[in-house]
Amino acid sequence: LLHDNNQGVQSSTALALARIGHRSVTPELAQIMESGPNELFGVKFYAAFALGCLGDRRATPTLIKGLDDKDPYIRAGSASTLGQLQETAAISPLLHALKDKHVLVRWMTAQALGSIRDRRAVPGLLKALKDENEDVREQGAKALGKIGDKCAVPGLIATFADVDEAIPKAAVLALGRIGDRSAL
């Protein structure tokens, strides 16, 4: 059913396979992700989601390629899934995706970097605290809190001047997680 002519059937099948949790379908889901035409974006998105649910790291190269897909939803889904897999090998491509022109990709990428919790992401996430979009700034603060690197403290404190009240709130929670006394 993954190769049915109906995209709805394909998407539903990908989700069902993810729920079953059988990793034997990882190669087929990866093949769908790498398939040509972008009119399959819905199927590709669900395939990326299913790969994340399966937790199979064999999909990492395919998901990294997905960060460069023409469709922003595929890029966002790939970033999210790499975060679910906590794939440290994807830090560099994710940092590149953190500069994507599409806000959903940047938001999902910041979230993924927080899930991975690798200190190499801190400089990129500090830049995300200055993103034009408030949701990306908030997610950047949350991600920095999850990583817990004390180098983020000055950047998080600087967000207290942000006009969107959600960002300072996220920064306060992040500072609490980091636990650096200089934040007092």
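This note comments on two helices and one pocket.

1. The model is predicted, so local features need pLDDT of at least 70, side-chain atom pairs count only at pLDDT 80 or more, and totals for chains, interfaces and linings use all residues. Residues are numbered from 1 along each chain as its sequence is written, and side-chain values use heavy atoms, with hydrogens and water left out.

2. Helix H7 covers residues 103–116; helices are DSSP runs (H or I, at least four residues) numbered from the N terminus. Its end C-alpha atoms are 20 Å apart, which agrees with the 20 Å that 14 residues should span at 1.5 Å a residue (the expected span is 1.5 Å times one less than the number of residues). Arg117 follows H7 and has a positive phi, near 60°.

3. The buried residues of H7 include Val105, Met108, Leu113 and Ile116 (buried means under 20% relative accessible area, exposed over 50%, partly exposed in between, with a 1.4 Å probe and protein chains only). Among the elements covering the buried residues of H7 are H5, H6, H8 and H9.

4. Helix H11 (residues 166–178) reaches 18 Å between its first and last C-alpha, close to the 18 Å expected. Its buried residues are Ile167, Pro168, Ala170, Ala171, Ala174, Leu175 and Ile178. They lie on the same side of H11 because their arc around the axis is only 155° (taken from the directions from the helix axis to the C-beta atoms). Lys169, Leu173 and Gly176, on the other side of H11, are exposed.

5. Which class has five residues in the lining of the largest pocket? The charged class does, beside four nonpolar and one polar (Asp, Glu, Lys and Arg count as charged; Ala, Val, Leu, Ile, Met, Phe, Trp, Tyr, Cys and Pro as nonpolar; the others, Gly among them, as polar). A pocket is an open set of points on a 1 Å grid over the protein atoms alone, where a 1.4 Å probe fits, with protein on both sides within 12 Å along at least five of seven lines; lining residues have an atom within 4 Å of a point. H8 gives the most to this lining, with four residues.

Technical notes: Helix = DSSP H or I, 4+ residues; strand = E, 2+ residues; numbered from the N terminus. Contact = heavy atoms within 4.5 Å.
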